[in-house]
Amino acid sequence: SDYVEKLPTERKSKNATILLLTDDANAIDEAKEFYPDINWKYYNRERFRGTSGGWENTAPSKSPKMEVIIILSTLQLVRQCDAFVHGTS
């Protein structure tokens, strides 16, 4: 939720829509729990929980083909965004 605090007030208002790009299923659960008035958009895909994947595993789907599809479709979505907020992990 740290990244939400970095958003300008108008971007986190009730019924705002935010595209959430994360590899951690916990981040989605927390976003929906702590900011239920925000319309969260995210890919419905397999994700790790916290550190469950380890730093050496970057493909939760275990399918390189699926990961490339996700990367390319993510690129198409973020090209439509006019602002980005990120955290370190």
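Which backbone oxygen lies 2.7 Å from a polar atom of the side chain of T74? That of I70 does, as the third of the views below shows. All views are taken from a predicted model.

**Figure 1. Overview of the chain, with 3 helices and 2 strands.** Read from the N terminus, the elements follow the order α-β-α-β-α. The chain has 89 residues, and 24% of them are buried. Among contacts with a separation of 6 or more, 43% join residues 24 or more positions apart. The exposed surface of the chain comes to about 6,800 Å². Carbon and sulfur atoms supply 53% of that surface.

**Figure 2. The largest nonpolar core and the surroundings of I38.** This core has 9 residues in all. Its members are V4, L7, I18, L20, I28, A31, Y35, I38 and W40. With residues up to four places away in sequence left out, I38 touches V4, K12, S13, A16 and I18. Of these contacts of I38, V4 and I18 are also listed in the core.

**Figure 3. T74 in helix α3.** Helix α3 covers residues 64–78, and T74 is part of this run. The relative accessible area of T74 is 17%. Because buried means under 20%, T74 counts as buried. A polar atom of the T74 side chain lies 2.7 Å from the backbone oxygen of I70. Once neighbours within four places in sequence are set aside, T74 is in contact with L21 and Y43.

**Figure 4. A nonpolar surface patch formed by V68, L72 and L75.** Together the three residues have about 270 Å² of accessible area. One of them, V68, lies in helix α3, the helix that also holds T74. V68 has a relative accessible area of 46%. Since partly exposed residues fall between the 20% and 50% limits, V68 is classed as partly exposed.

**Figure 5. L19 in strand β1.** The strand spans residues 17–19, and L19 is placed within it. L19 is partly exposed, with a relative accessible area of 27%. From C-alpha to C-alpha, L19 and N39 are 8.7 Å apart in space. In sequence, L19 and N39 are 20 residues apart. Not counting residues up to four places away in sequence, L19 touches K41, L77, V78 and C81. Two of these contacts of L19, L77 and V78, have numbers within the residues 64–78 of helix α3.

Terms used: Residues numbered from 1 in each chain as written. Predicted model: local features only at pLDDT ≥ 70, side-chain atom pairs only at ≥ 80, totals over all residues. Heavy atoms only, no water. Core = buried A, V, L, I, M, F, W, Y, C linked by side-chain atoms within 4.5 Å. Buried < 20%, exposed > 50% of the residue type's maximum accessible area, 1.4 Å probe, protein only. Contact = heavy atoms within 4.5 Å. Helix = DSSP H or I, 4+ residues; strand = E, 2+ residues; numbered from the N terminus. Polar contact = N/O pair within 3.5 Å; in protein donor to acceptor, adjacent residues only side chain to side chain. Areas by Shrake-Rupley, 256 points an atom, 1.4 Å probe, with all protein chains shown as cover. Patch = residues over 30% accessible without salt bridge, like charges linked within 9 Å, V, L, I, M, F, W, Y side chains within 5 Å. Salt bridge = Lys/Arg side-chain N within 4 Å of Asp/Glu carboxyl O.
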